[in-house]
Amino acid sequence: MLAFTVVQVISRSISKPLNETVAVLSAMAEGRLDKRVTVASRDEVGRMGAALNSALDRLAETVSTVVDSATQLSNASSQISCRT
């Protein structure tokens with residue numbers, strides 16, 4: 001009985017963070033860059049979650065930079081069009 005309880009605890013400690021990681025990855029696949037994994041450990045699963053969070057942060061920064069650049073380009077193009 002004790003072995004079964006230990007297996008359940010270990011299984012939950014692995015499956016819960018992995019399920020959360022899958023949820024964040026699924027949201028990212030749908031274009032949502034605002035979700036993050038809750039990192040509660042420093043094991044392999046925790047490090048994977050932290051790496052995913054870092055990657056999402058960098059991707060969100062890159063998308064924001066591209067949007068800002070596109071806006072600036074659009075504004076500059078509008079100003080040139082108005083002068084001619």
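In the predicted model, T21 is found in helix α1. The relative accessible area of T21 is 5%, so this residue is buried, the limit for that class being under 20%. Beyond its neighbours within four places in sequence, T21 is in contact with V37, M48 and L52. T21 is joined by V24 and A27 as buried residues of α1.

Helix α1 runs over residues 2-29. Its 28 residues should span 40 Å at 1.5 Å a residue, and the end C-alpha atoms are 40 Å apart; the two values therefore agree. After α1 comes G31, which has a positive phi, near 95°.

The loop between α1 and α2 holds E30. With a relative accessible area of 66%, E30 is exposed, because the class begins over 50%. In sequence, E30 is 30 residues from A60. In space, the C-alpha atoms of E30 and A60 are 14 Å apart.

Helix α2 covers residues 44-83, and N53 is one of the residues within this helix. The relative accessibility of N53 is 13%, and N53 therefore counts as buried under the 20% limit. The side chain of N53 reaches the backbone nitrogen of V37, the distance being 2.8 Å. Along the chain, N53 and V37 are 16 residues apart, and their C-alpha atoms are separated by 6.5 Å. When neighbours within four places in sequence are left aside, the contacts of N53 are R36, V37 and V39. V37 thus appears among the contacts of N53 and also among those of T21.

R47 also lies in helix α2. The relative accessibility of R47 is 52%, so R47 counts as exposed, with the cut-off for this class at over 50%. Not counting residues up to four places away in sequence, R47 touches S41 and R42.

The largest pocket contains about 200 Å³ of space. The lining of this pocket is made up of 15 residues, of which S13, P17, T38, A40 and S41 are the closest to the pocket centre. The elements that give two or more residues to this lining are α1 and α2. Helix α1 gives the most, with six residues. By residue class, the lining of the largest pocket comprises five nonpolar, six polar and four charged residues. S41, one of the residues closest to the centre of the largest pocket, is also touched by R47 of α2.

Taken together, the residues described above include both accessibility classes. T21 in α1 is buried at 5%, and N53 in α2 is buried at 13%. By contrast, E30 in the loop between α1 and α2 is exposed at 66%, and R47 in α2 is exposed at 52%.

Technical notes
Residues are numbered from 1 along each chain as its sequence is written. This is a predicted model: local features need pLDDT of at least 70, side-chain atom pairs count only at pLDDT 80 or more; totals for chains, interfaces and linings use all residues. Side-chain values use heavy atoms; hydrogens and water are left out. On a 1 Å grid over the protein atoms alone, a cavity is a set of points where a 1.4 Å probe fits but cannot get out, and a pocket is an open set with protein on both sides within 12 Å along at least five of seven lines; lining residues have an atom within 4 Å of a point. Grid points are joined across faces, edges and corners, and a volume is the space filled by probe spheres set on the points. Helices (H or I, at least four residues) and strands (E, at least two) are DSSP runs, numbered from the N terminus. Ala, Val, Leu, Ile, Met, Phe, Trp, Tyr, Cys and Pro count as nonpolar, Asp, Glu, Lys and Arg as charged, and the others, Gly among them, as polar. Buried means under 20% relative accessible area, exposed over 50%, partly exposed in between (1.4 Å probe, protein chains only). A polar contact is a pair of N or O atoms within 3.5 Å; within protein, one must be able to donate a hydrogen and the other to accept it, and residues adjacent in sequence count only if both atoms are side-chain atoms. Contact means heavy atoms within 4.5 Å. The expected span of a helix is 1.5 Å times one less than its number of residues.
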